[in-house]
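Biologist: Can we go through how the calls on this model were made? I'd like the cut-offs next to the values.

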Amino acid sequence: MRNGTDDRPPRLRRREFMGLLAGAGAAVAGMPRRPLRAWSRVAAQADSRIEILLDESIATIAPEVYGHFVEHLGGVIYDGVWVGEDSPVANIGGIRRALVEALKPIGPAVMRWPGGCFADAYDWRDGVGPQERRPRRTNTWENDRGIRDLGTIPQRFEPNAFGTNEFLRFCRLIGAQPYLAANVRTLPAQVFHEWVEYCNSPAGSTTWSGVRAAGGDPDPFGVRYWGVGNESWGCGGNFTPEEYAGEFRRFSTWAVPTYGAELSFIGAGPSGGDVDWTRRFFRALRERNAVGSMWGWALHHYCSAGGEAVAYTDVDWYDLLASADRMESLITDHWQVMREVDREHRVKLVVDEWGAWHKMTTNVAPAHLFGQQSTIRDALVAGLTLDTFNRHADKVAMANLAQLINCLHSLFLADGDRFVLTPTYHVFAMYAAHQGGQAVRTVVSAPGVHWTGERDAPRSLWGLNGSSSLTGRRLTLTVTNSSLTAPRETEIAVRGGTLRSVVATTLAATDVHAVNTFEQPNRIVSVTKNVAASGRVLAYTFPAASVTKLEITLGG
Ligand code: AHR
């Protein structure tokens, strides 16, 4: 077994493959409820198979699963989203025009703001009213040396130029629903209630609606998603689960004014695998008879590995993908624990921070705290994570990649008037076809990848994985190939439908360390081609280290 090599058994004979599907070792993204019937062999050399079971529906994929996150952190807001109306950078009312135009086609269903840890000290009242009267405050991230050593910059001393109206206009421009995170650490519930009033009370009804109108937005914004804090176990207040349950209840009581909008409260859940936090919170909430007031339970998971964003070894490649793949068990573990109290699963999971977190050595500007470049490896993290959410469409109601621009696992990098799309952007463009689709069970069988991790520990991961969804007669299959070296010749069978046409879009890189830069923005872009197809089975080769979308039009 060599590091980063594939476990490449001789070509599978049919009987062996059926054994694998029965659970004898290959990656299986869902198990069929009945034995499989024989397929016609279309790819003599196939070592991998994917079966899509059209009649085994999981749930509708909430468009909000394809959500994003912007925080007043480093270059996300100032330089990223907000350039200001008087900026030489092309803008729409101060918002970077190139960003708006790039976001529209990928349908960002929801945008979380203003943090993150920033939200836990943010007073929304500072960011409303006339710009010239808005106060200057210390940003939470001032404590970070990456910002502190750079002098008096907006990233350190928050000018509040980008506040509630500006954020909600950004959401309108890109067609996203806003998701606002309230400050539970330093502000009382009353101030939160007034933020709801500011955003949602009808024109002319309240003093706050008047301030909103004076800021240029007479009509209510109708904000639905409200986060009750953020990382309450950490920067959000260092609460115990029991203490936070009390806070959650106070903030989300029935008496919060709705003004006709359906309000969906999201509890600030655990970091990664801390299921005990989930268990204790849910039990405490039950004791307070308040489980019914929660719509979503937030979970954060950042994957990481040795090396850096661009300079990494083969082992780092596999370690990062394996770290990202933890999302699967995080979802199922927390879901199981939530059920101990919420038997009907009324409360859904909201993965409102996820992504790859590398060492900060590749930020495109010094003030871009946590800024990092993005390679095809990050694109695979995005693809495999979105596939995981699709496979758990019955559990995950929203997810937000951290963070949109100039930060961790970003879709965009910008500096002044320079702007570039990362490989992760192209994954979101490909996967947009899943939004609102019906997730259907997808059984994947392929040789796994094996490598040697820290302290010579043998490690392994599936070779291929993916998800499928159905929208009318359009079947979307997305697949990641985790192997650095092995293309996977694959038979794809659609049970319950016939193939009329197939269009393949592939994101791959000849150099897995390549990045898109301001000077060379198109080094990693997706490529689309038609694939000949008929009958029920398709032969397709997934390139090594790639993300692929097959858009299959089904016959009648
Ligand atoms: O996304 C960066 C930070 O990571 C967020 O502010 C915080 O919520 C998390 O710890």
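Modeller: Sure. A polar contact is a pair of N or O atoms within 3.5 Å; within protein, one must be able to donate a hydrogen and the other to accept it, and residues adjacent in sequence count only if both atoms are side-chain atoms. Keep in mind that this is a predicted model: local features need pLDDT of at least 70, side-chain atom pairs count only at pLDDT 80 or more, and totals for chains, interfaces and linings use all residues. Residues are numbered from 1 along each chain as its sequence is written, and side-chain values use heavy atoms, with hydrogens and water left out.

Biologist: What makes the pair between the ligand and the side chain of Glu 231 a polar contact?

Modeller: A ligand oxygen is 2.8 Å from an N or O atom in that Glu 231 side chain, and the limit is 3.5 Å, so the pair counts. Asn 230 also offers a side-chain N or O atom, at 3.4 Å from a ligand oxygen. With Cys 117, a polar backbone atom is 2.9 Å from an oxygen of the ligand.

Biologist: Why is Thr 476 called buried?

Modeller: Buried means under 20% relative accessible area, exposed over 50%, partly exposed in between (1.4 Å probe, protein chains only). Thr 476 has 0%, so it is buried.

Biologist: How do you know that helix 4 is mostly covered?

Modeller: Helices are DSSP runs of H or I, at least four residues, and strands are runs of E, at least two, numbered from the N terminus. Helix 4 spans residues 164–174, and eight of its 11 residues are buried. Among them are Phe 167, Leu 168 and Ile 174.
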